[in-house]
Amino acid sequence: MRVKKFIVVLAYIMIFLFQLGCANSLDNTDISQAGLYDAGSAIDEVFSLFVLDSNQEPIDLSNTAVGMKVSKLTGVKLNTEYISGSDERTKASFMVATKDYPDLIAPHNEYATFKAAGALVPLDDYIDKYGQNIKKIYTEQELNMLRDPIDGHIYYLTPYRKNSRLLYPSSGFYLPITVLRELGWPKVTSFDQYFEIIKNYVRANPVYNGEPTIGFTALTDNWRIYTLFNAPNYLAGNPNTGGVWVDKNYEAHSFMLSDWAYKYYKKLNELWNEGLLDKDMFTQNYDAYKAKIASGRVIGFYDERWQIQDAIDMLEKQGLFDRVPIAMPVVFDGVNKEAYNGISVMGTGAGICITRNCEDPEAAFKFIDKMASEEVLKVVYWGFEDVDYTVQNGKFTLTDAQLGRMNDPDYVRKRGLGSFWLFPHPDGGAKFSDGNYVFPQDTAEYMNYKYKDYEKEVLKAYNLTSMADLMAPPLETPYGFVWDIPIPDSEPEIKAANQKASDIARKYIARLIMSAPEQYDLLWQEYVDEMENANYDIADQFLTSEIKRRVAERDK
């Protein structure tokens, strides 16, 4: 079964939204009066853009200071619309049925839907003729990796780039700082040790701030239940590759019925029956989950950093620094590797596409290519000289005031810094031709400023320079990710089996965890029987062929 990971892989963009506290802000009016975005060409094109990603916060891209400057530099104004709600499939199906497409679309997980409908314009010829900036960012091998497996054309340029320089681990099994401090700052790697720590702490501290202490919780809301599905794979030492793990021969294997899954859910069943598991785990929505972590009374959970950043922000705002969760590289006993920092390769998830309804696709592509130019990238990620950054002897630097503003999420959103991340951009750690970093957070000033006092205590305790160094370095694979391999409409049997298996897993995993201990094995066998009858692993062969195709394309 393939369980997608809906993320914003580029951690550099997420860092823009991390809050360090408020700083003096400058709004768009101040920038306008300073005349900082008045230079450039006139607006001669207007394109509509629809962002079909329910994770993205709506922002009028062309109506921020950065956006207005970008419009002047490119000659293009964007009218941006976002999906309302979280049902991306329904919205995509409606657009296909009515053929009501915008000029540009960011299809997120519905690329295959629009591709199958013939809604997208191939970009190959445009890349060859006009992609001077694109070809500086993407290698020929990377462009080959983006080719559609059915017709061999390129329909988008992925924004999911390599990022090996992390401030925080990508994911992990979390414990609050106070728990780690009390235990003398252990690096918790053992599965059994991790849950024993939780049990002991809750027994000694059954109440926190007037509320019952929660030993362990999990995110199960809608598609985000993938964190519960995927955790066993991480415990086995594998990176996140959706609902499969990949062996050394590039063969994909579903792990939903693995011994790893059996062992993990049996442990959660044990916690449930001991009253240590969150009783609302299968009924709470995403906001309630984050609020519960932000209350400080949750001791353990598995998740990815980007999904809990709001909760960490709320803990910091309350001054509950001791309750901030720290990710640990927990694995099953006998496993001698871990991959919680994920994979550092270019993803192949869809970025901006040009639709058949666009009256001037050539101009639209030239705009996309211009967005990848150094001139535009400097504005998108750095903002305005002498306001958002300072130049000293040709080097981009950040004063304390500028660092403060860049770490104020309200300022960042209002200014539009990083808001064009869906458009093509280089890898994390890349530099411009003048030697300056493309992303401010790669600078020494940013790295030194970013960590707060409580985080510096953790760094000192574990003798680290980066919080991400608690985990092994990110992996590199010749096939990229697997969770971003779309199942085309030409494979309806696979799609149907995947959906059925997902429904079965959602039902049975909840029942397994909440069952009486003596019922667990019986329910597990029922689960196995239903999953096998549903052909739960039918996608493995297709994914294997795609993985091997990607390896072959990369090796050309």
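## A walk through the core

Start with the whole structure, which is a predicted model: a search through all of it turns up zero disulfides. Now select cysteine 353. This residue takes part in no disulfide, and the nearest cysteine sulfur, that of cysteine 358, is 12 Å away. A disulfide is a covalent bond between the sulfur atoms of two cysteines. Why is cysteine 358 not in such a bond with cysteine 353? Their sulfurs sit 12 Å apart, and a pair has to be within 2.5 Å to count, so that is too far for a bond.

While you have both selected, turn on the surface. Is cysteine 353 buried or exposed? It's buried, with a relative accessible area of 0%. Cysteine 358 is buried as well, at 6%.

Next, pick leucine 104. Cys353 shows up again here, since leucine 104 touches it, along with residues including Phe47, Leu78, Ile352 and Ile354. Leu104 is also among the residues with the most contacts inside the largest nonpolar core, which has 161 residues. To see the others on that list, select Phe173, Phe216, Tyr264, Tyr265 and Tyr527. Apart from this core lies another one, of 13 residues; Ala252, Tyr479, Ile487 and Val551 are among them. In soluble globular proteins, nonpolar side chains tend to be buried together.

Last stop: helix H15, residues 361-371. Leucine 104 leads you there, as its contacts include Ala364, Phe367 and Ile368. How many of the eleven residues in H15 are buried? Eight are, so the helix is mostly covered. Colour them in: Pro361, Ala363, Ala364, Phe365, Phe367, Ile368, Asp369 and Met371.

Definitions and conventions. Residues numbered from 1 in each chain as written. Predicted model: local features only at pLDDT ≥ 70, side-chain atom pairs only at ≥ 80, totals over all residues. Heavy atoms only, no water. Buried < 20%, exposed > 50% of the residue type's maximum accessible area, 1.4 Å probe, protein only. Core = buried A, V, L, I, M, F, W, Y, C linked by side-chain atoms within 4.5 Å. Contact = heavy atoms within 4.5 Å. Helix = DSSP H or I, 4+ residues; strand = E, 2+ residues; numbered from the N terminus. Lists of a residue's contacts leave out its neighbours within four places in sequence.
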